[in-house]
Amino acid sequence: MTTILEVRGLSKHYPVASSVWGRSRRVLRAVEGVSFRLAEGETLGLVGESGSGKSTLARLILRLEEPTEGEISFDGEDLLALGGGELRRRRREFQMVFQDPHASLNPRMTAGETISESLKAHGLHRGREEERVMELLHQVGLGSEIATRTPGRLSGGQRQRVGIARALATEPRLLVADEPISALDVSVRAQIVNLLARLQGELRLSLLFITHDLAVVEQIADRVAVLYLGRIVEMAPVRRLF
């Protein structure tokens, strides 16, 4: 299988002030020496308790934060060597589904405007943005009437589906889903997990699914990586680990 994402020795340290003068004498090792590979079309479940470094690792992979050390390779290209337009070009190929669908959407923009904004930012489907928005809404199980609604007029599950549609708008090859169901009602969590599993299969997406819910990982992932205190302490195929 072709490797789409490779992480080698990735670390992120934050300085911690330990005196009244604010002098930094120690560091918080949020992520420490993490290495793994993700193949095309594979789902890797990243599990760990709160504070284990899961979300920090996600932000590092997407270059929303810069690592202290380590390497990140996407489709054979060194992501940490990219800047400006080169990074913008690559960012189209990897997108994030956020934990809190309410906080991740602009409350003053309609669902249609949110998705269309992503299309326009990358110059995609020019002249037929509205048509593409409707296609994306349908793809995530929403009707066309949702396009005119703001986040405040949507349920939690609908907001997360809009967030997924926005992520899919750039036609990515990799989705990073950071606790995408933890802020949702129990009644809709399974629906979102099933949606992501279906989209991953239909679009041959690579999926990094971050959660603390082992039952969900068993359902959706091909392999599991267990993160503890910023380090991967175990990695195995789902069946073997469980």
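Two strands are taken to pair if DSSP finds at least two bridges between them. In this predicted model, strand β3 (residues 43-47) and strand β8 pair in the parallel sense over 5 bridges, and within this pairing Thr43 stands opposite Leu207 in β8. Strand β7 (residues 174-178) likewise runs parallel to β8, to which 5 bridges join it, and here Asp178 has Ile210 of β8 as its bridge partner. β7 and β8, together with helix α6 (residues 186-203), make a β-α-β unit that is right-handed.

Strand β8 (residues 206-211) is mostly covered, with 6 of its 6 residues buried. In a regular strand, side chains alternate between the two faces of the sheet. In β8 both faces are covered, since Ser206, Leu208 and Ile210 are buried on one side, as are Leu207, Phe209 and Thr211 on the other. Leu207, the residue opposite Thr43, and Ile210, the bridge partner of Asp178, thus belong to opposite sides of β8.

The burial of helix α1 (residues 54-61) was also examined. Of its 8 residues, 6 are buried, so α1 is largely enclosed by the rest of the structure. The buried positions of α1 are Lys54, Thr56, Leu57, Ala58, Leu60 and Ile61. The helix is followed by Arg63, which has a positive phi, near 60 degrees.

Two packed helices are described by the angle between their axes and the distance between the axes. For helix α3 (residues 111-121) and helix α4 (residues 129-139), the axes come within 9 Å and cross at roughly 115 degrees, and the crossing in which α3 passes α4 is right-handed. On the α3 side the contact is made by Gly112, Ile115, Ser116, Leu119 and Lys120, while α4 contributes Glu129, Arg132, Val133, Leu136 and Leu137. Classified by residue type, this contact of α3 with α4 has 5 nonpolar, 2 polar and 3 charged residues.

Backbone conformation in the loops was considered next. Most residues other than glycine have a negative phi. In the loop between α3 and α4 lies His125, a residue other than glycine whose phi is nonetheless positive, near 55 degrees. His125 has a relative accessibility of 23% and therefore counts as partly exposed, given that the partly exposed class lies between under 20% for buried and over 50% for exposed. Arg204, in the loop between α6 and β8, also has a positive phi, of about 55 degrees, although it is not a glycine. With a relative accessible area of 54%, Arg204 is exposed.

Key. Residues numbered from 1 in each chain as written. Predicted model: local features only at pLDDT ≥ 70, side-chain atom pairs only at ≥ 80, totals over all residues. Heavy atoms only, no water. Axes fitted to C-alpha atoms, helices over the stretch in contact; angles between N-to-C directions. Helix = DSSP H or I, 4+ residues; strand = E, 2+ residues; numbered from the N terminus. Left-handed = near helix turned anticlockwise from the far one by under 90°. Contact = heavy atoms within 4.5 Å. Nonpolar A, V, L, I, M, F, W, Y, C, P; charged D, E, K, R; others polar. Buried < 20%, exposed > 50% of the residue type's maximum accessible area, 1.4 Å probe, protein only. Right-handed = clockwise from strand over helix to strand, strands pointing away.
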